[in-house]
Amino acid sequence: MQAGAASFSTGILATHALAADDVSAMDRERMRSVAAFTAETLSTDHPMAFGADIVSTATGERLMRAVNRVGPDHDPSAHAETLTIRLACANLGSGSLKGYTLYTTCEPCAMCMACALWSGLDRLVFGATIADAGRFVSQISIPAKEVAGRTDLHCVVAGPVEREVCVKLFTDPRMQKVFAMWKKH
Ligand SMILES: [Zn+2]
């Protein structure tokens with residue numbers, strides 16, 4: 001299985017230019033899935049619009065999913081993507097996520113995109129854009145594709161995918177209440 005994942009990954013790299021914007025029906029389905037998972041938090045005490053999912057690129061089998069935990073963990077680096085990468089690597093007992101794809105409800109910030117690159121993820125697929133999120137909450141406005149384009153590390157970035165579904169997480173009144181509280185701090 002490992003060899004299969006590796007060869008699939010090589011195929012992706014070989015068609016890097018073509019694959020960058022190549023979005024499949026499976027990508028859309030997985031994005032809707034992580035958005036639904038993230039939406040579950042809206043009816044809890046900790047509503048959150050940022051969620052991420054890491055799946056095997058070859059089989060689609062889920063390895064790990066999590067939402068942003070900056071508040072509960074008192075950790076400014078605990079964005080959904082970095083946290084999911086951290087948990088996935090701990091689960092694998094490896095610092096490499098080669099052979100895996102990350103789906104995130106929002107385009108990753110520079111920190112998260114750098115973490116994705118360092119982790120060796122094959123692909124990263126995002127839902128809402130940084131600009132979408134920036135309408136409601138502070139953002140570092142460097143497009144993920146720009147970060148990925150300024151390194152010799154490889155991670156195909158695709159998105160926005162199911163943008164409207166993901167933007168709804170941000171415009172939900174329960175999330176808007178949380179964003180208003182963040183602004184006061
Ligand atoms: Zn981030």
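**Notebook: sheet, core and helix α9**

I began at the sheet's far side, where Leu124 has Val157 of β5 as its bridge partner. The model I am reading is a predicted one, and I keep that in mind throughout these entries. The strands β4 and β5 run parallel and are joined by 3 bridges. Against this sheet packs α9, which touches β3 and β4 and whose direction makes about 60° with that of β4.

**Entry on the whole sheet**

I then asked in what order the strands form the sheet. I found an open sheet of 5 strands, ordered β2-β1-β3-β4-β5, with mixed pairing. Its edge strands are β2 (62-67) and β5 (156-158), each of which pairs on one side only. From one strand to the next I noted a twist that averages 15°.

Going through the pairs, I looked up β1 (residues 51-56) and found that it pairs with β2 in the antiparallel sense over 5 bridges, with Met64 in β2 as the bridge partner of Ile54. These two strands form a hairpin with 5 residues between them, and Gly60 in the turn has a positive phi of about 80°. On to β3: its pairing with β1 is antiparallel over 5 bridges, and there Thr104 of β3 is the bridge partner of Ala52. The pairing of β3 with β4, by contrast, is parallel, again with 5 bridges, and Cys106 has Ala128 in β4 as its bridge partner. I also noted that β3, α6 and β4 make a right-handed β-α-β unit.

How many residues of β3 are buried? I counted 7 of the 7, so the strand is largely enclosed by the rest of the structure.

**Entry on the core**

Next I looked up the largest nonpolar core, which has 46 residues and in which Leu102, Met113, Ala116, Leu124 and Cys155 have the most contacts. Helix α6 (residues 110-119) gives the largest share of this core, with 5 residues. I followed Cys155 further: leaving aside residues up to four places away in sequence, it touches Ala116, Leu117, Leu121, Asp122, Arg123, Leu124 and Ala148.

**Entry on helix α9**

Which residues of α9 (residues 163-171) are buried? I find Cys166, Val167, Leu169 and Phe170. Looking down the axis of α9, I see these buried residues fall within an arc of 140°, so they line one face of the helix. What covers them includes α3 (25-39), β3 (100-106), β4 (123-128), α7 (130-134) and α10 (173-184).

**Entry on backbone geometry**

Last, I checked the loop between β5 and α9, in which Pro160 lies, and found that the peptide bond from Gly159 to Pro160 is cis, with omega near 5°. Glu162 lies in the loop between β5 and α9 as well, and although it is not a glycine it has a positive phi of about 50°.

His74, in the loop between α4 (70-73) and α5 (80-92), also has a positive phi of about 50° without being a glycine. Are these residues buried or exposed? His74 is exposed, because it has 8 other C-beta atoms within 10 Å, where 12 or fewer count as exposed. Glu162 is buried, because it has 25 other C-beta atoms within 10 Å, where 20 or more count as buried.

Note on methods. Residues are numbered from 1 along each chain as its sequence is written. This is a predicted model: local features need pLDDT of at least 70, side-chain atom pairs count only at pLDDT 80 or more; totals for chains, interfaces and linings use all residues. A nonpolar core is a set of buried Ala, Val, Leu, Ile, Met, Phe, Trp, Tyr and Cys residues joined through C-beta atoms within 7 Å. Helices (H or I, at least four residues) and strands (E, at least two) are DSSP runs, numbered from the N terminus. Two residues are in contact if their C-beta atoms, placed from the backbone, lie within 7 Å. The arc is that of the directions from the helix axis to the C-beta atoms. Two strands pair if DSSP finds at least two bridges between them. Axes are lines fitted to C-alpha atoms, for helices over the stretch in contact, and angles run from 0 to 180 degrees between N-to-C directions. A crossover is right-handed if, with the strands pointing away from the viewer, the path from the first strand over the helix to the second runs clockwise.
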